[in-house]
Amino acid sequence: MKRIGVLTGGGDTSALNSMLYGIADEAHQDGVEVVGFMRGWAGLLDSGQYAVLTADMIDPGLGGTLLKTSRTKLAKIEGGYEQARANLSALGIDGLVLIGGDDTIGVAAQFQHIPIAIITKTIDNDVGANCPADEPLDFSKIVNYFTPGFPSAARRVAAFASWHNGVQTTGYSHERIIALESMGMSAGWLALAAAFGHPDFIVVPEVPLDYARLRDGVARKYAEQSHVLVVVAEGAVYTDGTVISEDTTNVDAFGHAKLGGCADVIARRLKADLGGQLKTRNFNAVIPSYLFRCGAPTALDKRIGTKLGRKAVRLLLGGKSGKMASVRRTGDTLRVVTMDVRALPRDSKGNIVPKRLDLRLYDAENLRITSEGIEYFKPILGEMPSSMGPAKLVSRQTRV
Ligand code: F6P
């Protein structure tokens with residue numbers, strides 16, 4: 001192999017440049033040139049948009065992607081596959097690394113004339129497969145223990161929910177009820193990571209929300225401590241199946257509903273129901289949105305991202321195709337391994353089935369993380385930190 005191509009598609013994450021760095025550096029060691037296509041599959045349309053990538057151009061500690069990204073779906077573009085194939089052969093590309101989620105990597109089968117290596121990525125952590133639900137929970141059976149970019153976003157969610165760097169201090173000081181919205185269209189992995197900031201309740205898309213239960217729980221907690229923090233995943237739904245998020249009419253280029261605003265909905269509903277009953281009218285929504293996705297990778301994301309990039313190049317140079325560089329946990333150790341892309345479960349239409357939260361990690365009764373959930377996050381976020389809340393004050397009225 002003399003020349004390989006790479007592209008990044010879908011939402012950006014903090015670990016993309018680390019992967020690109022690993023790819024460029026590893027390829028260079030074998031004298032292989034790397035061509036980076038700009039803006040995902042869009043870089044292979046028309047006469048192509050690309051740049052030769054070398055490791056010294058890439059800062060692995062910078063978030064986002066040097067190659068930029070888009071949600072271009074080749075299947076939706078007339079002649080899209082033909083243009084992409086023509087560009088690949090005109091440029092003499094001998095192998096391709098695809099970095100993306102289902103919509104980016106799902107079309108790999110259309111390019112059987114060249115070897116393809118895949119690295120999945122999404123901050124939502126929803127590409128892969130859980131340990132089968134009918135078997136004892138075994139973390140080593142998870143396909144894609146996490147998707148690169150997830151650890152950095154998980155750390156941010158936990159920080160936003162924490163006393164140390166997050167909303168808890170204002171919640172406490174103003175005796176507020178706060179709904180903090182986490183990203184996660186169809187999976188609650190990110191919302192669950194907020195547990196490391198010690199919120200009072202976590203609502204995930206996998207378990208439809210019994211609103212009355214949340215409302216009563218919030219009222220009880222408020223009576224106890226005079227501040228409450230609820231974390232809600234953007235894809236959360238009510239028990240009748242309706243999406244909590246307000247705007248479901250908005251769709252992205254892949255045709256997925258763009259969700260957002262469920263924290264506002266929850267804060268407003270709680271205010272309407274509890275505003276007269278509790279001694280506060282302070283019901284607020286906090287929606288960090290892209291702040292979850294942007295910024296520098298954590299040390300883990302940077303290290304694993306670079307290794308995944310290197311592994312993808314080794315797969316191509318080893319003549320492998322249809323393989324995925326992914327993360328596996330054995331004991332407390334994370335390793336970069338090769339998986340067959342067929343290990344990703346697909347539905348009858350051939351779409352990759354999202355890796356939703358393993359419900360053994362979530363206590364649906366009390367809307368919080370389980371001890372197994374804490375264990376899942378151990379190699380990603382470390383030990384559960386202490387809550388760092390303020391000392392309990394004993395209020396006393398003093399008359400002079
Ligand atoms: O990367 C996945 C994700 O972060 C979702 O959680 C979110 O809904 C979506 O991307 C939004 O991204 P964009 O606004 O870029 O389409």
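How many nonpolar, polar and charged residues make up the shell around the ligand? By class, that shell has four nonpolar residues, one polar residue and five charged residues. The structure described here is a predicted model, and the report begins with the ligand before turning to the salt bridges and to one threonine.

**The ligand and its surroundings**

There are 10 residues around the ligand, and those that come nearest are Arg71, Asp124, Glu234, Tyr290 and Arg293. For three of these residues a distance between a side chain and the ligand can be given: a polar side-chain atom of Arg71 lies 3.0 Å from an oxygen atom of the ligand, a polar side-chain atom of Asp124 also lies 3.0 Å from a ligand oxygen, and an N or O atom in the side chain of Arg293 is 2.7 Å from an oxygen atom of the ligand. Taken alone, the ligand exposes 390 Å², of which the protein buries 89%.

**Salt bridges**

The structure holds 20 salt bridges, and the table sets out some of them.

| Pair | Closest N to O distance |
|---|---|
| Asp25 and Arg310 | 2.9 Å |
| Asp30 and Arg314 | 3.3 Å |
| Glu375 and Lys378 | 3.8 Å |

The side chains of Asp25 and Arg310 meet in a salt bridge with an N to O distance of 2.9 Å. Because Asp25 lies in helix α1 (residues 16–29) and Arg310 in helix α9 (residues 299–317), this pair ties together parts that are 285 residues apart in sequence. With a relative accessibility of 17%, Asp25 falls under the 20% limit and therefore counts as buried, whereas Arg310, with a relative accessible area of 23%, is partly exposed.

A salt bridge also joins Arg314 to Asp30, with the closest N and O atoms 3.3 Å apart. This pair, too, links distant parts of the chain, since Arg314 is in helix α9 and Asp30 is in the loop between α1 and β2 (33–37), 284 residues apart. Both partners are partly exposed, Arg314 at 37% relative accessibility and Asp30 with a relative accessible area of 40%.

The pair formed by Glu375 and Lys378, whose closest N and O atoms are 3.8 Å apart, sits within a single element. Being three residues apart in helix α10 (residues 371–381), Glu375 and Lys378 are separated by about one helical turn. Glu375 is partly exposed, with a relative accessible area of 28%, and Lys378, at 27% relative accessibility, likewise counts as partly exposed. Elsewhere, salt bridges that share partners join Asp25, Glu26, Asp30, Arg310 and Arg314 into one network.

**Thr280 in its loop**

Where in the chain does Thr280 lie? Thr280 is found in the loop between α8 (262–274) and β9 (283–286). Is this loop residue, Thr280, buried or exposed? At 6% relative accessibility, which is under the 20% limit, Thr280 counts as buried. A polar atom of the Thr280 side chain lies 2.8 Å from the backbone nitrogen of Asn282. When residues up to four places away in sequence are not counted, Thr280 touches Glu175, Ile177, Tyr222 and Gly275.

Notes. Residues are numbered from 1 along each chain as its sequence is written. This is a predicted model: local features need pLDDT of at least 70, side-chain atom pairs count only at pLDDT 80 or more; totals for chains, interfaces and linings use all residues. Side-chain values use heavy atoms; hydrogens and water are left out. A salt bridge is a side-chain nitrogen of Lys or Arg within 4 Å of a carboxyl oxygen of Asp or Glu. Helices (H or I, at least four residues) and strands (E, at least two) are DSSP runs, numbered from the N terminus. Buried means under 20% relative accessible area, exposed over 50%, partly exposed in between (1.4 Å probe, protein chains only). A polar contact is a pair of N or O atoms within 3.5 Å; within protein, one must be able to donate a hydrogen and the other to accept it, and residues adjacent in sequence count only if both atoms are side-chain atoms. Contact means heavy atoms within 4.5 Å. A residue is near a molecule or strand if one of its heavy atoms lies within 4 Å of it. Accessible areas come from the Shrake-Rupley method with a 1.4 Å probe; for residues, only the protein chains shown count as cover. Ala, Val, Leu, Ile, Met, Phe, Trp, Tyr, Cys and Pro count as nonpolar, Asp, Glu, Lys and Arg as charged, and the others, Gly among them, as polar.
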